[in-house]
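Work through these three exercises with the model open. Try each task before you read its solution.

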Amino acid sequence: MDSLDELSHGLANLSMFPFFDTAHYIVSVMALREQPGALEVSRVSPLACWFSSMLYCFGGAVLSGIMLAEPPVAPLSNGTSVLLASLLWYLVFYCPLDLVYSCTSLPPLRLVLSVMKEVTRTWKVLGGVTQARNKYKDGLLVMIAIGWARGAGGGLISNFEQLVRGVWKPETNELLKMSYPTKVTLIGAVLFALQQTHYLHLHTHHLMLIYTTFTVVNKTRMMLTGSATSPFAPIESVLHKTLFTGFSPYAALTAPSTNNVAKSVPTKKRRQSPANGANGDLRTKDKSKKNA
């Protein structure tokens, strides 16, 4: 227990700059480059491509600032971070022989970078919850919303980012179909908000260790197995069918059998087909009599 406590304290005191922030920027810019049409936009309009990259890198801070009525350009005031993100954006998109993107796309290196990005998610969610708590001490829902926006803002504002590249796909809205990062960030925002309001009796550094371990292990498993299935899928399915579809345990007893319906349809068609043929013969006979 003492070693775990020391590990949690060490994790809580870990600095995100420059190594973990660098990993976050690289993975974010790579995700943008892999979007359909993003590479073509980078050749036609580098400014639009750069702006989209900044939204990917700082989207969470921008969205949380807007929600708290703060200047949305405040995250860009950190010149060092913006310069670092811009340098990595240029290397990922425009490096000669495409060396940077080719190297970072190697599975072992990409796994390390993705795991480091998951570590930064914990700090972003906790930072958003703490930022909201300073203004709304008893606003549990506000803390959850700001923590969620801070940690998954890049995905939540994806439709606006697509507009910058001249793409309009409202069906890709994260609220309509949440991705795994958005879901796990929402869970983290709920946990940290409950902890900050003393509904969850855990120390902050202990919860940081638990949440970071969970996100890192799941991300590693998903990348090694090549699976895009969310680990929350079984729970989501049960909750959705139970609470949001009007499912009744007696529906199976009262609903008509699908096999009987399937069998009755072709028999009706077969019975109607002779009648249709007889009606056609009578019509032809009537026409022939009139012509005669």
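**Exercise 1.** Is Trp168 buried or exposed in this predicted model? Then find which surface patch Trp168 helps to make.

*Solution.*
Step 1. Locate the residue. Trp168 sits in the loop between α9 (158–164) and α10 (180–196).
Step 2. Read its relative accessible area: 56%.
Step 3. Apply the cut-off. Exposed means over 50%, so Trp168 is exposed.
Step 4. Look at the patch. Trp168 joins Phe51, Phe160 and Leu163 in a nonpolar surface patch of about 450 Å².

**Exercise 2.** Is Ala189 buried or exposed? Then list what Ala189 touches, leaving out residues up to four places away in sequence.

*Solution.*
Step 1. Find Ala189 in helix α10.
Step 2. Take its relative accessible area, 0%. Buried means under 20%, so Ala189 is buried.
Step 3. List the contacts: Val125, Val129, Ile144, Gly147 and Trp148.
Step 4. Check a pair across the chain. Ala145 is 44 residues from Ala189 in sequence, and their C-alpha atoms are 7.5 Å apart.

**Exercise 3.** How do the axes of α1 and α11 cross?

*Solution.*
Step 1. Know what to report. Two packed helices are described by the angle and the distance between their axes.
Step 2. Mark the helices: α1 covers residues 2–12, and α11 covers residues 204–225.
Step 3. Give both values. The axes come within 8 Å and cross at roughly 85°.
Step 4. Classify the angle. The range 65 to 115 degrees counts as roughly perpendicular, so α1 is roughly perpendicular to α11.
Step 5. Name residues that meet. Those from α1 include Leu4, Leu7 and Leu11, and those from α11 include His205, Met208 and Leu209.

Key: Residues numbered from 1 in each chain as written. Predicted model: local features only at pLDDT ≥ 70, side-chain atom pairs only at ≥ 80, totals over all residues. Heavy atoms only, no water. Patch = residues over 30% accessible without salt bridge, like charges linked within 9 Å, V, L, I, M, F, W, Y side chains within 5 Å. Areas by Shrake-Rupley, 256 points an atom, 1.4 Å probe, with all protein chains shown as cover. Salt bridge = Lys/Arg side-chain N within 4 Å of Asp/Glu carboxyl O. Helix = DSSP H or I, 4+ residues; strand = E, 2+ residues; numbered from the N terminus. Buried < 20%, exposed > 50% of the residue type's maximum accessible area, 1.4 Å probe, protein only. Contact = heavy atoms within 4.5 Å. Axes fitted to C-alpha atoms, helices over the stretch in contact; angles between N-to-C directions. Parallel < 35°, antiparallel > 145°, perpendicular 65-115°, else oblique.
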